[in-house]
Amino acid sequence: MTAINPVTDLSKDGDIAVVTLNSPPVNALSANVRDGLFEAFRQAKEDASVKAIVLICEGRTFIAGADISEFGGQMKGASLFDVENGIEDSPKPVIAAIHGTALGGGLEVALCAHYRVAVPSAKCGLPEVNIGLLPGAGGTQRLPRIVGVEKALEMVTTGQHVPAKQCFEMGLVDELAPEGKLKETALAFARKCVAENKPLKKVRDNNAKLEAAKGHPEIFANFRKANARKFRGFLAPENNIKCIEAAVNSASFDEGLKAERKLFMELMMGEQSAAQRYAFFAERQANKIPDVPDDTRTIAIKKVGVIGAGTMGGGISMNFANAGIPVTIVEVKQDALDRGLKVVRGNYERSAKGGRFTMDDVEKRMGLLAGSLSLEDLKDCDLVIEAVFERMDIKKDVFARLDGIVKQGAILATNTSYLNVDEIASATKRPEYVIGLHFFSPANVMRLLEIVRGEKTSKEVVATAMKLAKTIGKVGVLVGVCPGFVGNRMLAQRTREANALVLEGAMPWDVDRVLYDFGFPMGPFAMGDLAGLDIGWVKEQSKSSTLRECLCEMDRRGQKTGAGFYDYDENRNAKPSPVTEKVIADFRAKQGINPRTISDDEILERCLYPMVNEGAKILEEKKAIRASDIDVVWLNGYGFPVYRGGPMYWGEKVGLQKILERMKSFQAQMGDAFKPSALLERLVAEDKKFSDIK
Ligand code: T1G
């Protein structure tokens, strides 16, 4: 065994060389890894006794891509192209042995090997699009040569991780190894290549699947059309598509490579990829809690109780069933329980119909959900989550009862979206075991989980909740107790301004258009119609005191009634409503408001700058650990466009000085709702950014 460098070993098993990488956490192609690979393959090729070469990785995964943390800096060491050419030009068979994930540059390196062996649990993908890039080391030119143009388009624009079995069926993997037998299988495969003098097939030379797509531009036109909505605002998907087009239309592999390089650099030098790479690390940074070390003891969550089988309770329960954790769902009435479980089954069956999993999986998941009408059935749960009505008295009563029923050492969690978790905890004798788990509706879909740390919540419970978030596939962000925590507290700023702008002269569809064009999936008024304008509305108490009340009183309660702020056709397509226009005109008249024309710029500034300012207040009050956590909340819970990084990242790009000045000017015109936070003032005075806050 020769240590080529700290992360690369070269050894021999008979006449087969084995190049082993061991560069935690994911064997990313850092300078060290590239240098090690380049040198190891050089030596293995020079060694006359070596007849074939196996590339394998230690640790949790095969190479998971280029080292994203190196981007933007001066690249040192061997280039990835040097490494790839050194492998592809080898006169001896090279076999890549894949476990875990072969992603991005990792799959690109594997595609330069002559053959690929993988265990069934492995996955392959080119997920660069998720960080605003594209496979810039030949991936867009080699992948379609194996899997065909249509599948390549899907893989590079979704970044999907394709299971090894599918890769094998597509020819991306040449042999599946039994789990735990990857190295032996790869060595045997290498020996077979030598014994049978197997051809050293280079993926780059295989053009058959490209030929089939030549002269069919409709493949790309149809793909663009089918995905226009999903790719809206993003630059990377289009550049990925162009690369695949170049593979089909270029006269040679090298010409296609040149096109790929140009399209890659366009993205690498752009703002979107910088924002998306920031978002990638921000999501992982959110797992780090300064006073809760990684090795903090956690509580094993083997059995979960959920109180409430409504939309939230059912959605929450599905997350645990999906992770194989049994759930007891408690309701007060049998019909509510039955209805809730029926909705859950319906959700699962829709996913099965969509091919996401089998009907077998539906039964497995449903088998993990038990219904009950008694809290007593929760006594041996490790975690109980209440999703009952948003009223403090009801929640405190539930917690007091749970405290007397559920075993000691179990966690009692509230799904409240803004109530005071400390006050809820005060209803129990175990406040250190009380925490907020704020799921976002639909709870089985939305990735964000605001984890609300109470004053007395123990470190073990915090660590358990953060770990549980990952187990159930959520993005957990630790937040502090305050009205609306982080997400809804900032949303309140935007909602207030959106409504004010409509009273002052904008139309709901103006505000929605500006925020939609900014990159949100929909604006606040369309969102209101979708959710229903009558949430929390009480007919008997309604006094036409807001536009919402006026519309609800007219039974214009949103999409469900065919009209709200917008009018809807039978396919729920929205269009601006003359009825709403009149309601607004009458309402302004009653309020003595003389409408004025409001620019798109003012709409955007009035909706977003107060959010940035509120985020600064949240940081001041230590209700979030870092500005990037606030961005993670908005990226994963509210559809903030990831290519803008999140409200705090975007605010820094706009310039804190400019935001401060505009906030002061709004404050002078419209009052203290725009009063700049002390932190914003200080950062501007010191010419610092949110990321400078320690
Ligand atoms: N570069 C640097 N660090 C990375 C990394 C990467 N590619 N991938 C993960 N990490 C770090 C991550 O920040 C975290 O650090 C730790 O590893 C565990 O990650 C030329 C240009 C592999 C599926 O986009 O999808 O190749 O927080 O928490 O949930 O064409 O990481 O522990 O300090 O996510 O088990 C393409 C990105 C790059 C893959 C594992 N590759 N990574 O998930 O662990 S661009 C990617 C992932 C490229 C080429 C192009 C996931 C994972 P820390 P984790 P996980």
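The legends below describe close-up views of a predicted model.

**View 1. Residues around the ligand.** The ligand is surrounded by 28 residues. Arg-60, Ala-66, Gly-105, Glu-108 and Arg-284 are the closest of them. By residue class, the shell divides into 16 nonpolar, 7 charged and 5 polar residues.

**View 2. Polar contacts of the ligand.** Two nitrogen contacts of the ligand involve the protein backbone. In one, a polar backbone atom of Ala-64 is 3.0 Å from a nitrogen atom of the ligand. In the other, a nitrogen atom of the ligand lies 2.9 Å from a backbone N or O atom of Ile-68. A side chain also takes part: a polar atom of the Glu-128 side chain lies 2.9 Å from an oxygen atom of the ligand. The ligand taken alone exposes 990 Å², and the protein buries 77% of that area.

**View 3. Secondary structure in the ligand shell.** Strand E6 (101-103), helix H3 (105-112) and helix H12 (271-285) each give two or more residues to the shell around the ligand. The largest share, 3 residues, comes from H12.

**View 4. Salt bridge in helix H6.** Glu-169 and Lys-165 form a salt bridge, with 3.1 Å between the closest N and O atoms. The two residues are separated by about one helical turn because they are 4 residues apart in helix H6 (residues 164-170). Both Glu-169 and Lys-165 are exposed.

**View 5. Salt bridge in helix H14.** The closest N and O atoms of the salt bridge between Glu-349 and Arg-345 are 3.4 Å apart. Both residues lie in helix H14 (residues 334-353), 4 residues and about one turn of the helix apart. Glu-349 has a relative accessibility of 24% and therefore counts as partly exposed. Arg-345, with a relative accessible area of 28%, is partly exposed.

**View 6. Salt bridge in helix H16.** Here the side chains of Arg-401 and Asp-397 meet in a salt bridge, at 3.5 Å from N to O. Helix H16 (residues 392-405) holds both Arg-401 and Asp-397, which are 4 residues apart, about one turn of the helix. Arg-401 is partly exposed, its relative accessible area being 45%. Asp-397 also counts as partly exposed, at 38% relative accessibility.

**View 7. A network of salt bridges.** Salt bridges link Arg-496, Glu-497, Glu-504, Arg-596, Glu-602 and Arg-606 in a network. The structure holds 51 salt bridges.

Technical notes. Residues are numbered from 1 along each chain as its sequence is written. This is a predicted model: local features need pLDDT of at least 70, side-chain atom pairs count only at pLDDT 80 or more; totals for chains, interfaces and linings use all residues. Side-chain values use heavy atoms; hydrogens and water are left out. A residue is near a molecule or strand if one of its heavy atoms lies within 4 Å of it. A polar contact is a pair of N or O atoms within 3.5 Å; within protein, one must be able to donate a hydrogen and the other to accept it, and residues adjacent in sequence count only if both atoms are side-chain atoms. Accessible areas come from the Shrake-Rupley method with a 1.4 Å probe; for residues, only the protein chains shown count as cover. Ala, Val, Leu, Ile, Met, Phe, Trp, Tyr, Cys and Pro count as nonpolar, Asp, Glu, Lys and Arg as charged, and the others, Gly among them, as polar. A salt bridge is a side-chain nitrogen of Lys or Arg within 4 Å of a carboxyl oxygen of Asp or Glu. Buried means under 20% relative accessible area, exposed over 50%, partly exposed in between (1.4 Å probe, protein chains only).
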